[in-house]
Amino acid sequence: MGGSQGSKPEVPEELRIVLIGKTGAGKTSIMNTFLGKAAVTNSLFASDEAPCTTETAPFENQRLVLADTLGLCHTSKSKEEVLSKIIASTFQFNSEQGPHVFLYVHSWEDDFMTQDVERVKVLRRIFGKEVMRYFFLLITHIDGDLSGKQRNQIRTFIRKVGFKTQKYCVINNKGNEKDKTKEQKQLVKEINEMVQNNKLRNYTKELFEHAQEDLRKQIQKSKTQRQMGAGDQHVATVAKALLSPVLPADFVTLALQANVWLATKFENCLT
């Protein structure tokens, strides 16, 4: 693992990244920028029972494997289906290997809303507290340089949601191609530094299963309960098709129940 003093820090040859964020945040655009072409379109997400798309892009001395996920607050998919697709996409790289980073893409607005914070907390419940060391924030749709007020708002958001790294990157709308290339390099550099701080470890299925067991206990103690009815048959069918290839059968059932509970309890921030 080590090297001679002065050598370049070690980075994974294959850097696995899951892009997560609200619909319209710019996840697909970011992915296509790395690919250098419009390889990913929203039509690829039309199939209910297929996980979100994964593409590979060479970048300097690494191979980036990028998974674009269905947007949170999607207007035509159920909240339960969106959560199931995000879980399926997390492990579609490999049956056991999860991502090195969850790239949380946030479209800039005048301020971060309470719902923005709650949305990340839903993801933390799904993937567990340990997942916060694998999250990195990317701000899109910024016009010009960040003001001091905006930087304070971003730092406050990072603190509230619990991301372990205080660092973040910005995509500037007004930048030219040279600027965008520089921003790409800076983003990958910051992600690699976070991965190095995590000792090159990736998020694992074992961490997910522990998180789901903890979530099961929360659900049992919660006053918010909703039994699945006949109208949820489609949700169940889609979830099983998405999750069965990547999770053991008992965790498929548990994840489905958890997603139904989360969609009910946190309806406002997922709509």
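User: At what N to O distance do the side chains of glutamate 81 and lysine 77 meet in a salt bridge?
Analyst: The model is a predicted one, and 11 salt bridges are found in it. A salt bridge requires a side-chain nitrogen of Lys or Arg within 4 Å of a carboxyl oxygen of Asp or Glu. Glutamate 81 and lysine 77 form such a bridge, with an N to O distance of 3.8 Å.

User: Are glutamate 81 and lysine 77 buried or exposed?
Analyst: The side chains of these two residues are joined in a salt bridge. A residue counts as buried under 20% relative accessible area and as exposed over 50%. Glutamate 81 and lysine 77 are both classed as buried.

User: Why does glutamate 130 count as partly exposed?
Analyst: Glutamate 130 forms a salt bridge with arginine 133, at 3.1 Å from N to O. Arginine 133 counts as partly exposed because its relative accessibility is 31%. Partly exposed covers the range between under 20% and over 50%. Glutamate 130 falls in this class because its relative accessibility is 40%.

User: How many residues apart are glutamate 193 and lysine 167?
Analyst: The side chains of glutamate 193 and lysine 167 meet in a salt bridge of 2.9 Å, N to O. This pair links distant parts of the chain, since glutamate 193 belongs to helix α5 (residues 177-197) and lysine 167 to the loop between α4 (148-161) and β6 (168-172). Glutamate 193 is partly exposed at 24% relative accessible area, and lysine 167 is partly exposed at 42%. Their separation along the chain is 26 residues.

User: Which helix gives the most residues to the largest nonpolar core?
Analyst: The largest nonpolar core has 58 residues, and Phe127 and Phe163 touch the most other members. At least three of its residues come from each of domain 1 (14-198) and domain 2 (205-268). With seven residues, the helix that gives the most to this core is α8 (residues 249-265).

User: Which residues does phenylalanine 163 touch, not counting residues up to four places away in sequence?
Analyst: Phe163 is one of the two residues that touch the most other members of the largest nonpolar core. With residues up to four places away in sequence left out, phenylalanine 163 touches Tyr104, Val120, Met132, Phe135, Leu137, Phe157 and Ile158.

User: Which are the edge strands of the open sheet of six strands?
Analyst: This sheet has mixed pairing and the strand order β2-β3-β1-β4-β5-β6. An edge strand pairs on one side only, and this applies to β2 (54-59) and β6.

User: What is the bridge partner of leucine 138 in β6?
Analyst: Strand β5 (residues 135-142) and β6 run parallel and are joined by four bridges. In β6, leucine 138 has as its bridge partner cysteine 169.

User: Which residue in β3 stands opposite valine 18?
Analyst: Strand β3 (residues 62-68) is mostly covered, with six of its seven residues buried. β1 and β3 pair in the parallel sense over six bridges. Opposite valine 18 in β3 stands alanine 67.

User: What phi does glutamate 60 take in the hairpin of β2 and β3?
Analyst: β2 and β3 run antiparallel and are joined by six bridges, and proline 58 has arginine 63 as its bridge partner in β3. The hairpin has two residues between the strands, and glutamate 60 takes a positive phi near 50°.

Definitions and conventions
Residues numbered from 1 in each chain as written. Predicted model: local features only at pLDDT ≥ 70, side-chain atom pairs only at ≥ 80, totals over all residues. Heavy atoms only, no water. Buried < 20%, exposed > 50% of the residue type's maximum accessible area, 1.4 Å probe, protein only. Core = buried A, V, L, I, M, F, W, Y, C linked by side-chain atoms within 4.5 Å. Domains from an automatic or database assignment. Contact = heavy atoms within 4.5 Å. Pairing = 2+ DSSP bridges.
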